[in-house]
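Please open the model in a viewer and keep the selection tool at hand. The tour below proceeds from one selection to the next and states what each one contains.

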Amino acid sequence: MIWMAVIAGSLGCYVEKLIGFLLPASVLERVSIRRITGLLPVALLSALVAVQTFADGQTLVIDARLAGVLAAVVALVLRAPFLVVVLVAAITAALLRSTGLAA
Amino acid sequence: MSPSAPTGEPGPDHHGPVPRAHGRRITRDAAGIGLATGAYGLSFGAISVASGLDPLQTQVLSLGMFTGASQFALVGVLGAGGGAVAAVLTAWLLGARNGLYALSLSPVLRVTGPQRLAAAQLTIDESTAMALGHPTPAAAARRAFWSTGLSVFVLWNIGTLVGALGAAAIDDPGTLGLDAAIPAGFLALLWPRLVDRTMWAVAAAGATVALVLTPVLRPGLPVLAAGLVALAASWIIGRRS
């Protein structure tokens with residue numbers, strides 16, 4: 001099942017890129033298309049942040065992940081690069097767990 | 001990032017060669033962007049393995065899908081138990097913007113045949129931003145696109161390999177806080193897109209919809225439902241203007 005997702009996902013994402021080179025550029029003049037493709041990543045990424053922070057299966061929980069994400073916010077405000085943001089989150093959560101302060 | 005209008009009026013030196021200093025700067029920037037994304041590929045490799053994919057599956061994603069947000073989404077939804085269909089749909093929706101980038105790049109790159117197949121694979125946030133950021137002469141835009149795309153492709157894949165093998169050597173990624181690294185990664189991808197109040201509102205609505213639906217829908221579906229927020233927001237903005 002994972003392989004299916006990997007292959008179907010990869011093919012589809014490639015086709016999306018290729019279609020852009022095959023379609024006439026006039027498609028870009030359609031404002032609604034530009035707007036939706038700009039808004040989609042924002043809605044989906046924020047949903048992914050929320051779900052990956054709070055969801056445990058179908059239950060919502062508050063655990064060390066939240067502290068990790070809040071630390072990541074601080075790193076982003078300080079303009080840290082991507083890898084630092086991710087590391088700060090991981091280290092924060094790991095420290096809270098190892099000290100028994102959070103699940 | 002969102003690329004601006006693709007083709008302005010060609011300037012006087014539009015068809016000229018790339019001045020040498022200009023070309024060197026483009027190459028240096030492309031290498032720098034490649035290094036930064038390589039580091040980020042490291043975290044993708046580790047997170048993918050922590051989500052339950054093996055290093056080979058992880059590598060196939062970086063080679064074949066080669067678009068960071070979609071890759072993170074696919075492994076994130078699979079890892080959360082969301083199933084293949086929801087994972088693939090989320091990855092496709094996030095990848096739709098690459099089609100828009102390709103549309104903007106098409107008149108700049110003027111590629112045909114096999115070159116077009118290669119250009120499509122290298123069409124991502126970074127290569128598009130670099131190409132559209134160096135519009136004249138056209139040769140500079142092309143050099144910016146190819147050098148950035150290739151440097152990111154190579155280093156992103158090396159990063160993925162190292163990260164995946166590293167994480168595969170660890171017994172319990174949870175104790176290292178890798179589960180917190182996943183939402184932090186999505187947040188870092190989201191952050192530069194929050195450029196105005198509309199984007200913040202869409203982000204808040206997307207997160208709220210996903211959380212409210214989490215207890216009632218299968219994992220993976222709440223995120224897809226948040227995609228509807230983007231459609232609704234687009235419709236509302238269209239009616240207002």
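How many Å separate the centres of domain 1 and domain 2 of chain B, taken over C-alpha atoms? In this predicted model, the separation of those two centres is 25 Å.

**Stop 1: the domains of chain B**

Select residues 20-175 of chain B for domain 1, then residues 194-241 for domain 2, as the domain assignment gives them. Where the two touch, domain 1 of chain B contributes 10 residues and domain 2 of chain B contributes 7 residues. Now highlight helix α4 of chain B, residues 84-109: this helix supplies 5 residues, the largest share of the side of domain 1 that touches domain 2. Colouring that side of domain 1 by residue class shows 6 nonpolar residues, 4 polar residues and no charged ones.

**Stop 2: chain B as a whole**

Show all of chain B as a cartoon. Its secondary structure consists of 10 helices and 0 strands, and from the N terminus on the elements read α-α-α-α-α-α-α-α-α-α. The radius of gyration of chain B is 19 Å, close to the 18 Å that the globule rule gives for 241 residues, so chain B is as compact as a globular protein of that length. Along the principal axes, the C-alpha atoms of chain B occupy a box of roughly 60 × 50 × 30 Å.

**Stop 3: a helix pair within chain B**

Select helix α1 (residues 20-50) and helix α8 (residues 178-190) of chain B; their axes lie 10 Å apart and the angle between them is about 125°. The helices α1(B) and α8(B) are therefore oblique to each other. Their crossing is left-handed. Display the side chains of B:Ser43, B:Ala46, B:Ile47 and B:Ala50 in α1(B), which meet B:Leu178, B:Ala181, B:Ile182 and B:Gly185 in α8(B). This contact comprises 6 nonpolar and 2 polar residues, with no charged residues.

**Stop 4: the domains of chain A**

Turn to chain A and select residues 1-56 for domain 1 and residues 62-103 for domain 2. The centres of these two domains of chain A, taken over C-alpha atoms, are separated by 27 Å.

**Stop 5: where the chains meet**

Display both chains together: 67 residues of chain A are in contact with 88 residues of chain B. On the chain A side, the elements that give two or more residues are α1 (2-22), α2 (31-54), β2 (59-60), α3 (64-77) and α4 (82-98). Which element of chain A provides the largest share of the side that touches chain B? It is α2(A), with 22 residues. By class, the chain A side has 46 nonpolar, 15 polar and 6 charged residues.

**Stop 6: a helix pair across the interface**

Keep α2(A) selected and add helix α10 of chain B, residues 221-240; the two axes come within 8 Å and cross at roughly 145°. The crossing of α2(A) and α10(B) is right-handed. Among the contact residues of α2(A) are A:Ile36, A:Leu40, A:Ala43, A:Ala47 and A:Val51. Those of α10(B) include B:Val223, B:Ala226, B:Gly227, B:Ala230 and B:Ile237. To find the exception by charge, locate A:Arg35, which also belongs to this contact. Altogether the contact of α2(A) with α10(B) has 17 nonpolar residues, 4 polar residues and 1 charged residue.

Note on methods
Residues numbered from 1 in each chain as written. Chains lettered and ligands numbered in written order. Predicted model: local features only at pLDDT ≥ 70, side-chain atom pairs only at ≥ 80, totals over all residues. Domains from an automatic or database assignment. Helix = DSSP H or I, 4+ residues; strand = E, 2+ residues; numbered from the N terminus. Nonpolar A, V, L, I, M, F, W, Y, C, P; charged D, E, K, R; others polar. Axes fitted to C-alpha atoms, helices over the stretch in contact; angles between N-to-C directions. Left-handed = near helix turned anticlockwise from the far one by under 90°. Parallel < 35°, antiparallel > 145°, perpendicular 65-115°, else oblique. Rg over C-alpha atoms; globule rule 2.2 N^0.38 Å.
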